[in-house]
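Here is a short note to read alongside the model. Please keep the structure open and find each residue as it comes up.

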Amino acid sequence: QVRGAQAELAIAQAQWHQASAEAWPSLTVGPTFKRLYETREDSWGLMVNMTLPLWNLNGGERALTRARTQQSETRLAAANMLESSRLESLKRTYEKAILALESAPQENSINALISATEKQLSRGLIQPNALIEIYRSSLESLEVTNETELHALQAYFQYETALGHLPKELL
């Protein structure tokens, strides 16, 4: 979006410069050839032609192209703001996901909890439905952790590619 807005602005500025240039006199120099059939003479010469825009200073076209330029500048500013807010949102998403992953239970602690619960079940200290509930909650915890990791990776790759960097993990 930003590159499209930059291109649109460049076109609008070029049109404005062209409209402004048309308000100035144009000077043309070139060769001329004239043949008189009555006397059968050929005349060669140099022609200098200059138009003076006294009554038409191209004010309407200049105003129109200036308005288009201002509109393009506004669109570029809006696209830049949108892109920077998108980048900031991706950065915040990545940072929040990293914080969540740091506080999430690790796989080895979940495995230790399950094995301790299985030992308690074998001694008859807990009911079988409690073990099933621990399995279920452990799997949900791992699922949430994996989804958080996925969101963190997506945000990271989108952020890096938006900045024009090739993420080092792809190298």
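**Notes on the model**

1. Glu-8 is a convenient place to begin: with a relative accessibility of 30%, this residue counts as partly exposed, because the partly exposed class runs between the 20% and 50% limits. Bear in mind throughout that the model is predicted.

2. Which residue forms a salt bridge with Glu-8? The partner is Arg-75, and the closest N and O atoms of the pair are 2.5 Å apart. Glu-8 belongs to helix α1 and Arg-75 to helix α2, so this salt bridge ties together parts that lie 67 residues apart in sequence. Arg-75 is also partly exposed, its relative accessible area being 42%. In total, the structure holds five salt bridges.

3. Ser-72 is another residue of helix α2, which covers residues 59-103. Is Ser-72 buried or exposed? Its relative accessible area is 4%, so Ser-72 is buried; the limit for that class is under 20%. When residues up to four places away in sequence are not counted, Ser-72 touches Glu-8, Leu-9 and Ala-12. Glu-8 thus appears twice in this note, as a contact of Ser-72 and as the salt-bridge partner of Arg-75.

4. Next, the nonpolar core. The largest one has five residues: Val-2, Ala-5, Leu-9, Leu-76 and Ala-79. Two elements, α1 (2-21) and α2, each give two or more residues to this core. The element that gives the most is α1, with three residues. Leu-76 can be followed in more detail: leaving aside neighbours within four places in sequence, Leu-76 is in contact with Val-2, Ala-5, Gln-6 and Leu-9. Leu-9 is also one of the residues that Ser-72 touches.

5. The strands come next. Strand β1 (residues 26-36) and strand β2 (residues 41-51) run antiparallel and are joined by eleven bridges. Together they form a hairpin, with four residues between the two strands. In the turn, Arg-40 has a positive phi of about 55 degrees. To trace one pairing on the screen, start at Leu-27, whose bridge partner in β2 is Met-50.

6. The hairpin also carries a salt bridge between side chains. Arg-35 and Asp-42 meet there, with an N to O distance of 2.8 Å. Arg-35 counts as partly exposed at 45% relative accessibility. Asp-42 falls in the partly exposed class too, with a relative accessible area of 42%.

7. Which residues make the nonpolar surface patch? They are Leu-27, Val-29, Leu-46, Val-48, Met-50 and Leu-52, and the patch measures about 660 Å². The elements that give two or more residues to the patch are β1 and β2. The largest share, three residues, comes from β2. Leu-27, a residue of strand β1, has a relative accessible area of 55% and is therefore exposed; that class begins over 50%. Leu-27 and Met-50, named above as bridge partners, are both members of this patch.

8. Helix α4 (residues 128-162) holds both Glu-140 and Arg-136, which are four residues apart, about one turn of the helix. Their side chains meet in a salt bridge, at 2.4 Å from N to O. Glu-140 counts as partly exposed at 40% relative accessibility, and so does Arg-136, at 38%. The pair is part of a wider arrangement: Glu-133, Arg-136 and Glu-140 are linked in a network of salt bridges.

9. Finally, a distance to check. Thr-93 is in helix α2 and is partly exposed, with a relative accessible area of 36%. How many residues apart along the chain are Thr-93 and Leu-153? They are 60 residues apart, and their C-alpha atoms are separated by 10.0 Å.

Key: Residues numbered from 1 in each chain as written. Predicted model: local features only at pLDDT ≥ 70, side-chain atom pairs only at ≥ 80, totals over all residues. Heavy atoms only, no water. Buried < 20%, exposed > 50% of the residue type's maximum accessible area, 1.4 Å probe, protein only. Contact = heavy atoms within 4.5 Å. Pairing = 2+ DSSP bridges. Core = buried A, V, L, I, M, F, W, Y, C linked by side-chain atoms within 4.5 Å. Patch = residues over 30% accessible without salt bridge, like charges linked within 9 Å, V, L, I, M, F, W, Y side chains within 5 Å. Areas by Shrake-Rupley, 256 points an atom, 1.4 Å probe, with all protein chains shown as cover. Salt bridge = Lys/Arg side-chain N within 4 Å of Asp/Glu carboxyl O.
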